[in-house]
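Here is a short briefing for a first look. Please view the sequence and the structure below before reading on.

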Amino acid sequence: MPALVLLGAQWGDEGKGKATDLLGGSVDYVVRYQGGNNAGHTVVVGDQKYALHLLPSGILSPGCTPVIGNGVVVDPSVLLSELSGLNERGVDTSKLLISGNAHIITPYNVTVDKVTERFLGKRKIGTTGRGIGPTYADKINRVGIRVQDLYDESILTQKVEAALDVKNQLLTKLYNRRAIAVDQVVEELLGYAEKIKPFVADTVLILNQALEDDKVVLFEGGQGTLLDIDHGTYPFVTSSNPTAGGACTGAGVGPTKISRVIGILKAYTTRVGSGPFPTELFDEDGEALRRIGGERGVTTGRDRRCGWFDAVIARYATRVNGLTDFFLTKLDVLTGWEQIPVCVAYEIDGKRVEELPYSQTDFHHAKPVYEMLPGWSEDISKAKSFSDLPKNAQSYVKALEEMSGAPISAIGVGPGRDETIEINSFL
Ligand code: GDP
Ligand code: IMO
Ligand code: MG
């Protein structure tokens with residue numbers, strides 16, 4: 001059985017955690033391939049709610065091996081506290097595997113993230129402040145620290161020295177901050193080394209062997225398509241590739257192994273942080289979506305910006321990820337509107353545009369062209385099959401499917417595992 005990718009089709013927070021957890025019971029490995037603890041994935045199991053940041057959502061399924069791939073950036077202090085938090089709640093985390101090639105988010109990367117944002121002022125990205133961008137920058141600049149470096153003190157010291165040489169100049173001379181001492185960083189990082197060691201493995205070899213043995217591997221994306229460093233709304237993006245190709249580079253698995261790419265798609269749209277958002281609402285509808293949908297960040301506690309569904313974005317996600325299916329989430333949140341606007345195209349400088357413009361300037365000028373779909377008032381949270389949905393909810397789903405370019409294979413009608421309508425099986 002080949003590999004599946006599950007990723008965000010919009011700006012993150014689509015419900016990837018719930019979807020991954022749902023499949024977690026039937027797969028052998030769940031692999032994070034990019035991002036770090038900027039993610040906040042909520043999983044609700046019975047009356048228990050878990051907020052996962054760095055760990056793959058498969059960690060809650062006992063038969064599943066959770067993997068942190070080489071493309072992830074790992075903050076060791078966050079990793080250890082997330083693990084101990086789960087252990088205290090009785091979750092067995094001993095199967096976790098972490099790539100020795102994954103990069104470490106060092107304390108200075110977190111500092112640089114925060115001071116850079118402050119320096120940008122009103123041009124800030126609105127990052128999560130977790131050191132994600134600066135850690136990926138160090139990786140690309142070839143001055144990054146990798147998990148394997150924790151096990152060679154001399155190499156670690158040389159690498160931290162090389163990284164801090166430049167950063168301390170910036171911190172002291174540009175940002176007016178105190179320099180960071182090499183010894184202090186090395187000591188802190190070495191303090192994590194032994195605790196993390198049991199999990200460190202050659203994950204590329206393990207995952208490829210697993211695929212050879214017909215095991216099921218699920219790649220769990222963090223963030224979303226529009227936050228992708230290449231394909232997102234640059235510069236208002238994260239610093240990694242949440243899109244499907246990122247699963248290959250971020251885990252060391254070839255594209256020929258991937259048979260299915262599932263886009264998690266919210267029945268409306270949200271975004272956290274700065275950047276363009278054509279269907280954003282500033283009225284009571286936006287407020288209602290935020291309230292009913294519980295749209296508050298799992299990682300930073302910030303209110304999420306809310307707007308109507310945007311089919312232009314969904315079509316774009318289908319294209320850049322080669323999506324085979326959508327998992328439509330939070331349909332229940334739309335219950336109660338008499339009519340629901342759906343953005344079918346943009347108007348840009350007086351012209352109707354059907355596809356996402358590549359030009360950032362054009363996207364900033366995009367105004368949504370809405371089609372009104374009839375709403376429903378019946379409670380849908382108990383629906384178990386498509387035919388249980390009120391007719392107007394069925395037509396809403398069908399209309400979205402038609403506009404978005406891939407079949408909707410599952411529908412979320414509540415946060416719990418069982419609050420899902422499965423239309424086509426994923427496995
Ligand atoms: P992720 O980052 O993509 O994993 O999504 P988040 O966990 O940040 O945000 C999604 C939120 O919606 C969480 O609070 C989930 O528990 C919740 N959720 C997921 N699917 C559904 C659904 O179908 N209906 C409702 N009402 N809530 C959902
Ligand atoms: P999940 O996995 C929503 C956003 C931040 C900011 C931008 C860059 O829960 O969907 P970063 O700290 O990554 O450098 O911030 O990306 N962002 C997210 N928005 N969901 C996320 O993750 C996000 N991770 C980062 O708000 O705008
Ligand atoms: Mg989230």
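In β7, which residue is the bridge partner of Val67? The partner is Leu97. This is a predicted model. The points below cover the sheet, the metal site, a second annotated stretch and the nonpolar cores.

**The sheet**

- An open sheet is built from 10 strands, and its pairing is mixed.
- The strand order is β9-β7-β5-β2-β10-β1-β11-β15-β19-β20.
- At the edges are β9 (200-201) and β20 (420-422), and each of them pairs on one side only.
- Strands β5 (residues 65-68) and β7 (residues 97-99) run parallel, joined by two bridges.
- Val67 and Leu97 are bridge partners across these strands.

**The magnesium site**

- In an unreviewed entry, UniProt lists Asp13 and Gly40 under "binding site".
- These residues span 28 residues in sequence, yet their C-alpha atoms are no more than 7.6 Å apart, so they gather at one spot.
- Both Asp13 and Gly40 are included in the lining of the largest pocket.
- The magnesium ion (ligand 3) is coordinated by Asp13 through OD and by Gly40 through O, at 2.0 to 2.2 Å.
- Asp13 sits in the loop between β1 and α1, and Gly40 in the loop between β2 and β3, so the pair ties together parts that are 27 residues apart in sequence.

**Asp13 up close**

- The loop that holds Asp13 runs between β1 (3-8) and α1 (16-24).
- Asp13 is partly exposed, with a relative accessible area of 21%. The cut-off for buried is under 20%, so Asp13 does not count as buried.
- Leaving aside neighbours within four places in sequence, Asp13 contacts Gly40, Lys266, Thr270, Val272 and Arg304.

**Gly40 up close**

- The loop that holds Gly40 runs between β2 (29-32) and β3 (41-45).
- Gly40 is buried, at 11% relative accessible area.
- Not counting residues up to four places away in sequence, Gly40 touches Asp13, Leu52, His53, Val298 and Thr299.

**A second annotated stretch**

- The unreviewed UniProt entry also gives "binding site" for Val298, Thr299, Thr300, Gly301, Arg302, Asp303 and Arg304.
- Of these residues, Val298, Thr299, Thr300, Arg302 and Arg304 are included in the lining of the largest pocket.
- This stretch meets the magnesium site: Val298 and Thr299 touch Gly40, and Arg304 is in contact with Asp13.
- Thr300 lies in the loop between α9 (284-293) and β13 (305-307).
- Is Thr300 buried or partly exposed? Thr300 is partly exposed, with a relative accessible area of 31%.
- Thr300 touches Thr128 and Arg130, not counting residues up to four places away in sequence.

**The nonpolar cores**

- The largest nonpolar core has 61 residues.
- Phe219, Leu289, Leu331, Leu334 and Tyr396 touch the most other members of this core.
- Which helix gives the most to this core? Helix α12 (residues 391-404) does, with six residues.
- Tyr396 touches Ala267, Phe309, Leu331, Leu334, Ile340, Val342, Leu373 and Trp376, not counting residues up to four places away in sequence.
- Apart from the largest core lies another core, of 39 residues. Among its members are Leu54, Leu60, Val74 and Leu156.

Methods
Residues numbered from 1 in each chain as written. Chains lettered and ligands numbered in written order. Predicted model: local features only at pLDDT ≥ 70, side-chain atom pairs only at ≥ 80, totals over all residues. Heavy atoms only, no water. UniProt positions renumbered as here; feature names shortened; annotations may be inferred. 1 Å grid on protein atoms, 1.4 Å probe; cavity = no way out; pocket = protein on both sides within 12 Å on 5 of 7 lines; lining within 4 Å. Helix = DSSP H or I, 4+ residues; strand = E, 2+ residues; numbered from the N terminus. Buried < 20%, exposed > 50% of the residue type's maximum accessible area, 1.4 Å probe, protein only. Contact = heavy atoms within 4.5 Å. Donors = N, O, S within 2.8 Å, 3.2 Å for Na, K, Ca; no water. Core = buried A, V, L, I, M, F, W, Y, C linked by side-chain atoms within 4.5 Å. Pairing = 2+ DSSP bridges.
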